[in-house]
Amino acid sequence: MRIERELEGLRAATGAWRAAGRRIALVPTMGALHAGHLALVAEARRRAEIVITSIFVNPLQFLPHEDLARYPRDEAGDLEKLRAAGCDLAWMPTPAVMYPPGAATVVEPAGPAEGWEGDERPGHFRGVATVCTKLFMMTGADVAVFGEKDWQQLQVIRRVVADLHLPLEIVGLPTVRDADGLALSSRNQRLSPEQRARAAALPRRLRAVAEALAEGRPAAPTLAEAREGLAADGFGVDYLALVVPHTLKPWAEGQRGEARLLATARLGEVRLLDNLPVLLRG
């Protein structure tokens, strides 16, 4: 597996692969890799001959009060996992490579970036859209694979790619979960043992809500009851909402079709994100 930290080395590698007619897949990550990331690498391998995994903790998507320095990092462990997964190149740029001195251009998304995480973390999706656009252009990838756990992020990226006419396919992979249902996330490492045990209540509540809505229960009281239940479980609920899957607009009461249930809840300092599809039948 090649490891590149400078743009010249990355472009030399990708230029040779493209000249040979190889299809390139990208898996963008911020490191601290777990089984969910490795599932993305496996999917990328199924869709392309060359797999690039980027590891970059993007400062542009952290808010001033969020501790960038505390984000989990494990470079040696990450590289070992990528080698075992059959990754061809690890792209590990420094902040100076991604944002050279004097850098003044950002991608400001709207549409699905508005509301929910967009409200809770103003400017976050600007950072996501900017870094992903840079990664797509740096690698020249034909396809990029993202997890559905960050559902709103996935829709923002799809919108950016469509709006900027970027020549790559965006693939979403269903959320990978622990045995108790908790969505795998690097931030889970920061949960205490007691918090980790309690965290399984979030997916359990979401499943119950999804089942109730699919059976025809009205959304507003069902969501309100679940918010109260999560609070009783010790969570601080930022939001629990039913939305139109691709636009992220609130789901209208009485509407039928496929919706998405979104939730973000806090245990201590750790924010847990999750989502589930819900089919509401007439």
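In which helix is Leu40 found? The legends below take up this residue and several other close-up views of a predicted model.

**View 1. Leu40 in helix H2.** Leu40 belongs to helix H2, which covers residues 35–47. Its relative accessible area is 8%, and because buried means under 20% relative accessible area, Leu40 counts as buried. Ala144 lies 104 residues from Leu40 in sequence, yet the two C-alpha atoms are 9.3 Å apart in space.

**View 2. The open sheet of 6 strands.** The strands of this sheet follow the order S1-S4-S3-S2-S5-S6 and pair in parallel. Strand S1 (2–4) and strand S6 (169–173) are the edge strands, each pairing on one side only. On average, neighbouring strands of the sheet are turned by 25 degrees against each other, direction ignored.

**View 3. Strand S2 and its pairing with S3.** Strand S2 comprises residues 24–29, and 6 of its 6 residues are buried. Ile24, Leu26 and Pro28 point one way from the strand, whereas Ala25, Val27 and Thr29 point the other way. The residues on both sides of S2 are all buried. S2 and S3 run parallel and are joined by 6 bridges. Leu26 has Ile52 as its bridge partner in S3.

**View 4. Strand S3 beside strand S4.** Strand S3 (residues 50–55) pairs with strand S4 (residues 89–91) in the parallel sense, over 3 bridges. Ile52 stands opposite Leu89 in S4. Ile52 is also the S3 bridge partner of Leu26.

**View 5. Helix H6 and the residue that follows it.** Helix H6 holds 16 residues, from 124 to 139. At 1.5 Å a residue the helix should span 22 Å, and its end C-alpha atoms are 23 Å apart, which agrees. The helix is mostly covered, with 13 of its 16 residues buried. Gly140 follows H6 and has a positive phi, near 60 degrees.

**View 6. The antiparallel sheet of 3 strands.** This open sheet has the order S7-S8-S9, and its pairing is antiparallel. Strand S7 (236–243) and strand S9 (270–280) stand at the edges with a single partner strand each, so one side of each is left without a neighbour in the sheet. Neighbouring strands here are turned by 10 degrees against each other on average, direction ignored. S7 pairs with strand S8 (residues 257–267) in the antiparallel sense over 7 bridges. One bridge in this sheet sets Gly236 against its partner Arg266 in S8.

**View 7. The largest cavity.** The count of cavities of 30 Å³ or more comes to 1. The largest cavity holds about 50 Å³ of space. Its lining is formed by Lys149, Leu182, Ala183, Ser185, Arg187, Asn188, Arg271, Leu272, Leu273 and Asp274. By class, these lining residues are 4 nonpolar, 2 polar and 4 charged.

**View 8. The second largest pocket.** This pocket has a volume of about 250 Å³. Its lining consists of 17 residues, among which Ile55, Phe56, Val57, Arg73 and Glu75 lie nearest the centre of the pocket. The lining divides into 10 nonpolar, 2 polar and 5 charged residues.

Key. Residues are numbered from 1 along each chain as its sequence is written. This is a predicted model: local features need pLDDT of at least 70, side-chain atom pairs count only at pLDDT 80 or more; totals for chains, interfaces and linings use all residues. Side-chain values use heavy atoms; hydrogens and water are left out. On a 1 Å grid over the protein atoms alone, a cavity is a set of points where a 1.4 Å probe fits but cannot get out, and a pocket is an open set with protein on both sides within 12 Å along at least five of seven lines; lining residues have an atom within 4 Å of a point. Grid points are joined across faces, edges and corners, and a volume is the space filled by probe spheres set on the points. Ala, Val, Leu, Ile, Met, Phe, Trp, Tyr, Cys and Pro count as nonpolar, Asp, Glu, Lys and Arg as charged, and the others, Gly among them, as polar. Helices (H or I, at least four residues) and strands (E, at least two) are DSSP runs, numbered from the N terminus. The expected span of a helix is 1.5 Å times one less than its number of residues. Buried means under 20% relative accessible area, exposed over 50%, partly exposed in between (1.4 Å probe, protein chains only). Two strands pair if DSSP finds at least two bridges between them. Axes are lines fitted to C-alpha atoms, for helices over the stretch in contact, and angles run from 0 to 180 degrees between N-to-C directions.
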